[in-house]
Amino acid sequence: MTTPTLITVAPTGAESAKADVPALPTTLDELVATAKECEAVGASVIHVHIRDDEAQPTLDLGRLRATVQALQENTDLIIQLSTGGAVTDPEADRLAVLDAGPEMASCTMGTVNFGDDVFMNRWEFIVELHTRMQERGIVPEFEIFDLGHLTALQRLLDKYGPPAGGHVHVDLVMGVPGGMPGTTAALVACLHAMRDLPEGTTFSATGIGRSTIPVLLASLSAGGHLRVGMEDTLTYERGKPVESNAQLVARAAGFARLAQRPPMSPAEARSLLGVPAKA
Ligand code: KMH
Ligand code: ZN
C-alpha cells in the first residue's frame, strides 16, 4: 500500500517584506483566504507566522488567538503555530505562543546561523518548549536545520519522554544559509540519523529557495512528506515569482500524485501525527 503525502503549507514566514512580495499573506483575511485555497489543492497542515498592521512579524497573543480561531472556523487544516518567530523574538514571547492554544507548534532543535543572523535555540529553551507542549497536549513538529539537531532530538526524547500524541514528526528545513544544504545527499544523511529516533518517526522536508524541487523530489522518493510555501520559496521558476501559496501546494500535490502518493486529507494527517480528531 502506498503512503499518502502530508503537505504542509508555510504561507508567510517572518523574513520577507510585504513591500517586496505583495502576494505574501500578511492580514488575517489574506491568511484565511490562502489557507482555504491551499486546503482545496492538497494541504493538510498550515505552519503559521503572523504580521501586525504594518505587516511586520509579531507574536501578539491576541492576534495569535484570533488567527487560530479564524483558521479553525474556515478550514479543517491542522493549525501549527511557529514558536520560532523572527530571529529577534525573545524566548518568553516564543513560549507564550503556546497560550494561543494551537493543535501543533514548531520546536526547533538547536541554534543555527541564519543568513547574517543567528536563530537562537538554547537547550534549556527547547526543554521548556517540549515539556510545556507535553503538559498542554500540543503536538510538536521538530524543526531540523542541521544534522546535529536530530541527535539533540534523540537526547530530548530520551531525557524528557515522547511528545503529546506519542508520535514523533520532524521537518527537515534544508538550504538555509548556515544550515544543512538542500541536497539529496544531506537528506540521506538525515535518514541515517533518523534511524536512532523512535520507530514510526515520520518526516517532511522543505528546501529553501532554489533547493525546493530537489528536496521535494528527494523527500517523496524516500517516503517523506512535504512542506512548501512562501516562507521558504519566492521564485516559482527562473525569473518567475511565486503567484500564490496555492500555486506551490498544487505543484507539490502534482508531484505527489506522480509519485503515486497522493495528498492526505487533514483527517488522515491528524491520525498520522497523533493530533486529536477535529470535533
Ligand atoms: N523564522 C525563523 C527564524 C519556526 O517557524 O519554528 C524560524 C522559523 C522556524 O521559521
Ligand atoms: Zn516558520
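Which residues lie nearest the centre of the largest pocket? I started the notebook with this point, working on a predicted model.

**Entry 1. Largest pocket**

I looked up the lining and found 26 residues, with Glu15, Phe114, Ile208, Glu231 and Asp232 nearest the centre of the largest pocket. I noted a volume of about 390 Å³ for this pocket. I sorted the lining by class and got 11 nonpolar, 10 polar and 5 charged residues. I kept Glu231 in mind, since the name returns in the next two entries.

**Entry 2. Zinc ion (ligand 2)**

I asked which atoms coordinate the zinc ion. I found NE2 of His47, NE2 of His49 and OE of Glu231, at 2.1 to 2.2 Å. I wrote down the spacing of these donors along the chain as H-x1-H-x181-E. I then placed two of the donors: His47 is in strand 2 (residues 45–48), while Glu231 is in the loop between strand 12 (225–228) and strand 13 (235–237), so this pair ties together parts that lie 184 residues apart in sequence. I checked whether His47 and Glu231 are buried or exposed. Both His47 and Glu231 are buried.

**Entry 3. Ligand 1**

I listed the residues around ligand 1: Glu15, His47, His49, Ser82, Gly84, Gly85, Val87, Ser106, Thr108, Phe114, Phe119 and Glu231. Among them are His47, His49 and Glu231, which also coordinate the zinc ion. Glu15, Phe114 and Glu231 are in this list too, and they are among the residues nearest the centre of the largest pocket.

I then looked for polar atoms facing the oxygen atoms of ligand 1. For Ser82, I found a polar side-chain atom 2.6 Å from an oxygen atom of ligand 1. For Ser106, a polar side-chain atom is 2.7 Å from an oxygen atom of ligand 1. Gly84 takes part through its backbone, with an N or O atom 3.3 Å from an oxygen atom of ligand 1.

**Entry 4. Second largest pocket**

I recorded about 290 Å³ of space in the second largest pocket. Its lining is made up of Gly209, Arg210, Thr212, Ile213, Pro214, Thr233, Leu234, Thr235, Tyr236, Glu237, Arg238 and Arg251. I asked which elements give two or more residues to this lining. They are helix 7 (212–221) and strand 13. By class I got 4 nonpolar, 4 polar and 4 charged residues.

I also looked at Ser211, which sits in the loop between strand 11 (202–207) and helix 7. Ser211 has a relative accessible area of 9%, so I entered it as buried. Its side chain reaches the backbone oxygen of Ile208 at 2.8 Å. Ile208 is one of the residues nearest the centre of the largest pocket.

**Entry 5. Cavity**

I asked how many cavities of 30 Å³ or more the structure holds. The count is 1. I noted about 60 Å³ of space in the largest cavity. The lining has 14 residues, and those nearest its centre are His49, Ile50, Thr58, Leu59 and Gly85. The classes are 9 nonpolar, 4 polar and 1 charged. His49 is thus listed near the centre of this cavity and as a donor to the zinc ion. Gly85 is listed for the cavity and also among the residues around ligand 1.

**Entry 6. Positive phi**

I looked up two residues that have a positive phi without being glycine. Ala55 has a phi of about 70° and is placed in the loop between strand 3 (50–51) and strand 4 (57–58). Gln260 has a phi of about 60° and is placed in the loop between helix 8 (245–258) and helix 9 (266–273). I then checked accessibility. Ala55 has a relative accessible area of 15%, which means buried; Gln260 has 57%, which means exposed.

**Entry 7. Pairs apart in sequence**

I placed Val168 in the loop between helix 5 (147–160) and strand 10 (169–174). Val168 counts as buried because its relative accessibility is 4%. The C-alpha atoms of Val168 and Thr202 are separated by 6.5 Å, with these positions 34 residues apart along the chain counted as their spacing.

I ended with Gln69, in helix 2 (residues 61–74). Gln69 is partly exposed, at a relative accessible area of 45%. Gln69 and Pro102 are 33 residues apart along the chain, and their C-alpha atoms are separated by 9.3 Å.

Key: Residues are numbered from 1 along each chain as its sequence is written. Chains are lettered from A and ligands numbered from 1 in the order in which they are written. This is a predicted model: local features need pLDDT of at least 70, side-chain atom pairs count only at pLDDT 80 or more; totals for chains, interfaces and linings use all residues. Side-chain values use heavy atoms; hydrogens and water are left out. Donors are N, O and S atoms within 2.8 Å of the metal (3.2 Å for Na, K and Ca); water is not among the atoms, so sites may look incomplete. Helices (H or I, at least four residues) and strands (E, at least two) are DSSP runs, numbered from the N terminus. Buried means under 20% relative accessible area, exposed over 50%, partly exposed in between (1.4 Å probe, protein chains only). On a 1 Å grid over the protein atoms alone, a cavity is a set of points where a 1.4 Å probe fits but cannot get out, and a pocket is an open set with protein on both sides within 12 Å along at least five of seven lines; lining residues have an atom within 4 Å of a point. Grid points are joined across faces, edges and corners, and a volume is the space filled by probe spheres set on the points. Ala, Val, Leu, Ile, Met, Phe, Trp, Tyr, Cys and Pro count as nonpolar, Asp, Glu, Lys and Arg as charged, and the others, Gly among them, as polar. A residue is near a molecule or strand if one of its heavy atoms lies within 4 Å of it. A polar contact is a pair of N or O atoms within 3.5 Å; within protein, one must be able to donate a hydrogen and the other to accept it, and residues adjacent in sequence count only if both atoms are side-chain atoms.
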